[in-house]
Amino acid sequence: MSAIAYQLGIVREGDEIKTNVEDAVILHITHSVFNSSVMEKRFDKHVTISEMKWKIQTHFGTDSSLMILQLKDKNGQLLSDNLEDDKMLGYYSPLDGQTIHAIDLDPNAKQKVQGWTDVSLVEKYEMSEDDYNKRDNTVRQQKLRQLQKMREEGLVPPPKEVDPEAFATEAASIKNGDRCIVFPGDRKGTVGYVGKIPELKPGFWVGVKFDEPVGKNDGCAKGKRYFECLPKYGGFATPDKVTVGDYPEDDILAELDEL
């Protein structure tokens, strides 16, 4: 038992929690709506039940005028089903380790508690990327400053220049409907799109409808559609990875006949 607990008059004897303060008792508090509880709280036996309700209200938010208190033993058996406001706690002869159970009579109690405890119902503040980038004391800005310092010291190579026209020459020789092979993997397919894709890196891209489910998408890049195909039959590659030519679809039935 910690020194602080001892100063509060709480001592442990084996598995038992007791108080070393005369006319006090150590009780647990549970609530009819809240899943949480208050453990090992010391009460003066001379406190009235009305005063106890007020103290419990500060923990759970239940209006003391809409609260019934019950006393239960260590096994959860009911000893008194409705403690009277004008009586003192000691009138009910509570023992250390027993439980005061608070019943909330508010018919809307569950809805109120859900509003307090369900974080999914809380409106969350979302900062835009522009607003976040304007801040100077963020982790992102600290990393950028550290990266810049390392570049100045020659510890990190300078960033590669972004070319918005990358692979334009290669893309000029590819058109929609061309049969092609995509590397790596020699994946056969048909060109479904040629051009820039803002959702991906700058430069030109080729969208391919594969003959087999060897792709990663259905013709969409981060939610925007560029061509139609079945899931996992689509993919995007830079033009240097795409070779167009006479690449007919494999005749699976013919291969089975040969077998």
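# Exercises on a predicted model: pocket, sheets and salt bridges

The largest pocket has a volume of about 240 Å³. The model to which these exercises refer is predicted.

## Exercise 1. The lining of the largest pocket

Determine how many residues line the largest pocket, which of them lie nearest its centre, and which strands contribute to the lining.

*Solution.*

Step 1. The lining of the largest pocket consists of 15 residues. Nearest the centre lie R187, K216, G235, F236 and A237.

Step 2. Turn next to the strands. At least two lining residues come from each of β10 (204-210) and β13 (234-237). The largest share belongs to β13, which supplies three residues.

Step 3. Finally, sort the lining by residue class. Eight residues are nonpolar, four are polar and three are charged.

## Exercise 2. The antiparallel sheet

Establish the strand order of the open sheet that contains β13 and β10, and identify which strands are at its edges.

*Solution.*

Step 1. The sheet is open and has five strands, ordered β13-β10-β9-β8-β14, with antiparallel pairing.

Step 2. Look for strands that pair on one side only: these are β13 and β14 (242-244), the edge strands.

Step 3. Consider the twist. On average, and with direction ignored, neighbouring strands of this sheet are turned by 45° against each other.

Step 4. Examine one pairing in detail. Strand β8 (residues 179-182) runs antiparallel to strand β9 (residues 187-196), and four bridges join the two. For R179, the bridge partner in β9 is T190.

## Exercise 3. The mixed sheet

Find the order of the open sheet with mixed pairing, and explain why one side of β4 and of β6 is left without a neighbour.

*Solution.*

Step 1. Five strands make up this open sheet, in the order β4-β3-β7-β5-β6, and their pairing is mixed.

Step 2. Both β4 (38-44) and β6 (78-80) stand at the edges; each has a single partner strand, so one side of each lacks a neighbour in the sheet.

Step 3. The average turn between neighbouring strands of this sheet, direction ignored, is 40°.

Step 4. At the β6 edge, strand β5 (residues 67-72) is joined to β6 by two bridges, and the two strands run antiparallel. Within this pairing, L71 stands opposite S80 in β6.

## Exercise 4. Salt bridges and their exposure

State how many salt bridges the structure holds. For the pairs K87 and E84, D136 and R145, and R225 and D218, give the distance and classify each partner by accessibility.

*Solution.*

Step 1. The structure holds 10 salt bridges. The classification needs two cut-offs: a residue is buried under 20% relative accessible area and exposed over 50%, and partly exposed in between.

Step 2. The side chains of K87 and E84 form a salt bridge with an N to O distance of 3.1 Å. K87 has 21% relative accessibility and therefore counts as partly exposed. E84, at 41%, is also partly exposed.

Step 3. In the salt bridge between D136 and R145, the closest N and O atoms are 3.2 Å apart. D136 reaches 55% relative accessibility, so this residue counts as exposed. R145, with a relative accessible area of 40%, is partly exposed.

Step 4. R225 and D218 meet through their side chains in a salt bridge of 3.1 Å, N to O. R225 is partly exposed at 35%, and D218 is partly exposed at 24%. Salt bridges with shared partners join D218, R225 and E228 into one network.

Definitions and conventions. Residues are numbered from 1 along each chain as its sequence is written. This is a predicted model: local features need pLDDT of at least 70, side-chain atom pairs count only at pLDDT 80 or more; totals for chains, interfaces and linings use all residues. Side-chain values use heavy atoms; hydrogens and water are left out. On a 1 Å grid over the protein atoms alone, a cavity is a set of points where a 1.4 Å probe fits but cannot get out, and a pocket is an open set with protein on both sides within 12 Å along at least five of seven lines; lining residues have an atom within 4 Å of a point. Grid points are joined across faces, edges and corners, and a volume is the space filled by probe spheres set on the points. Ala, Val, Leu, Ile, Met, Phe, Trp, Tyr, Cys and Pro count as nonpolar, Asp, Glu, Lys and Arg as charged, and the others, Gly among them, as polar. A salt bridge is a side-chain nitrogen of Lys or Arg within 4 Å of a carboxyl oxygen of Asp or Glu. Buried means under 20% relative accessible area, exposed over 50%, partly exposed in between (1.4 Å probe, protein chains only). Two strands pair if DSSP finds at least two bridges between them. Axes are lines fitted to C-alpha atoms, for helices over the stretch in contact, and angles run from 0 to 180 degrees between N-to-C directions.
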